[in-house]
Amino acid sequence: MDTIFIESVLLNEQITNILIENHRIAGIGSNLPMPANAIPIDGRNKAAFPSFANMHTHAAMSLFRGFANDKPLSDWLNNWIWPKEKHLDSDIVYWGTRLACAEMTKSGTTAFSDMYFNIPDAARAAAHAGIRCTLGINVFGDGDDLSEQLIEHTLISLEPYSNLVQLAIAPHSIYTVSPKGLLRTAQLANRYGLLYHIHMSETEEEVHNCLNQHGCRPFQLLHRLGVLELTQGRFAAAHCLYLNADEYKLLGAVHGTAIHNPCSNLKLGSGHFFHYSELKASGVNVALGTDGCSSSNNLDMIEAAKFMAYLQKGIRRDPATLPAEELLQVASSNGFHTLRIDAGRIAPGQLADLFLVDLNNLAFVPNNNSLANLFYAAHGDAVDTVICNGKILMQHRQLPDETEIIAQARRAATKLLR
């Protein structure tokens with residue numbers, strides 16, 4: 001296990017040193033001495049931030065970047081994405097996930113919550129990249145393909161990567177999974193103590209169809225079925241654009257997480273008003289995601305955070321809404337909290353997941369406020385150094401194997417989309 005010493009770095013607008021030992025932050029202080037066995041990192045002209053948790057991805061869809069643009073969600077899914085996904089294989093998912101992990105690492109993300117296919121291959125890719133992931137078993141229909149045997153077999157396959165990889169249950173949505181399937185997946189998530197990750201209330205059409213078919217709104221349906229109660233404290237819903245006051249309360253009562261995906265929602269024309277203040281006031285944990293690269297086109301959490309903040313400020317006509325300090329919590333610690341990972345803050349005892357930005361990047365000149373510059377001026381390319389689980393993954397923007405990843409991803413994309 002590496003001992004790392006970051007010297008003279010800007011943290012919370014103060015110059016200090018950071019010591020990392022045994023995967024965790026062991027000490028912070030301007031007078032902290034460097035151990036003789038430590039790997040030194042020169043923190044001068046750098047600022048340190050806790051890394052991001054990208055809470056809603058379809059990582060291997062990085063290979064779909066630039067494919068099927070400017071289409072509404074239903075057409076995009078049914079006529080473009082799902083037909084191509086029939087051709088996914090282990091090779092495609094592995095290199096698609098490696099490409100996604102490279103992009104996330106280079107923009108400061110060290111954990112992601114995924115909903116896709118070929119979980120063992122995605123796990124292997126994330127482990128090789130050295131970043132954390134929670135991989136959801138995708139479920140459609142009645143969920144008959146999901147069994148205790150499958151879950152246990154998948155858990156065994158993930159054991160070699162258990163320091164970085166977790167399993168989740170991921171029913172796609174209320175419109176692709178039956179009420180029977182929604183309940184069955186919740187029961188299994190409850191039995192194994194797994195995160196329940198689902199798309200919810202992404203479009204007005206979804207809500208209207210739910211009202212017509214079930215006589216209630218999407219979150220009310222999950223409440224009636226018992227899904228919310230079964231997954232209490234382990235429920236994560238992506239999108240959540242069309243909720244009413246009763247649904248805020250239902251989600252808050254079970255300590256659920258609502259995941260905003262502003263760039264994807266805007267590009268697909270799904271909507272723009274995420275009810276952040278109302279959800280937070282109801283006790284909902286709010287986190288941030290990019291969605292997959294076919295709908296958001298990148299995995300840059302700095303960009304996603306900027307869009308989230310600007311939408312909240314503009315729609316509410318209040319520049320004080322979602323200030324930068326709170327935005328960092330949404331993009332980092334709130335996501336790690338959902339994943340039950342002890343990270344998201346740079347403090348003694350926390351897991352050492354953090355990144356350094358280059359203060360010579362023009363977005364940080366002048367550096368009147370480093371956090372404001374991070375979210376309101378910078379992009380992912382300001383990230384210089386990334387550490388995950390106490391291991392240096394990138395330094396001076398040099399990522400090992402990047403050339404091979406690019407070449408193999410291009411080859412896999414050609415095979416998938418040809």
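Here is a short chat about the sheet and some helices of this predicted model.

Modeller: Local features need pLDDT of at least 70, side-chain atom pairs count only at pLDDT 80 or more, and totals for chains, interfaces and linings use all residues. Residues are numbered from 1 along each chain as its sequence is written, and side-chain values use heavy atoms, leaving out hydrogens and water.

Colleague: What makes E6 and strand E7 a pair?

Modeller: Pairing asks that DSSP find at least two bridges between two strands. E6 and E7 (residues 109–116) have 4 bridges in the parallel sense, so they satisfy that definition. Asparagine 54, for instance, has phenylalanine 112 in E7 as its bridge partner. Strands here are DSSP runs of E, at least two residues long, and helices are runs of H or I of at least four, numbered from the N terminus.

Colleague: Why are strand E6 and strand E13 called edge strands?

Modeller: Because E6 (52–57) and E13 (285–288) each pair on one side only. The open sheet has 8 strands, ordered E6-E7-E8-E9-E10-E11-E12-E13, with parallel pairing.

Colleague: How do you know that H2 and H3 are in contact, and by which residues?

Modeller: Contact means heavy atoms within 4.5 Å. Among the residues making it are Val93 and Tyr94 of H2 and Ala122 and Ala125 of H3.

Colleague: What describes the way helix H2 and helix H3 cross?

Modeller: Their axes come within 8 Å and cross at roughly 35°. Axes are lines fitted to C-alpha atoms, for helices over the stretch in contact, with angles from 0 to 180 degrees between N-to-C directions.
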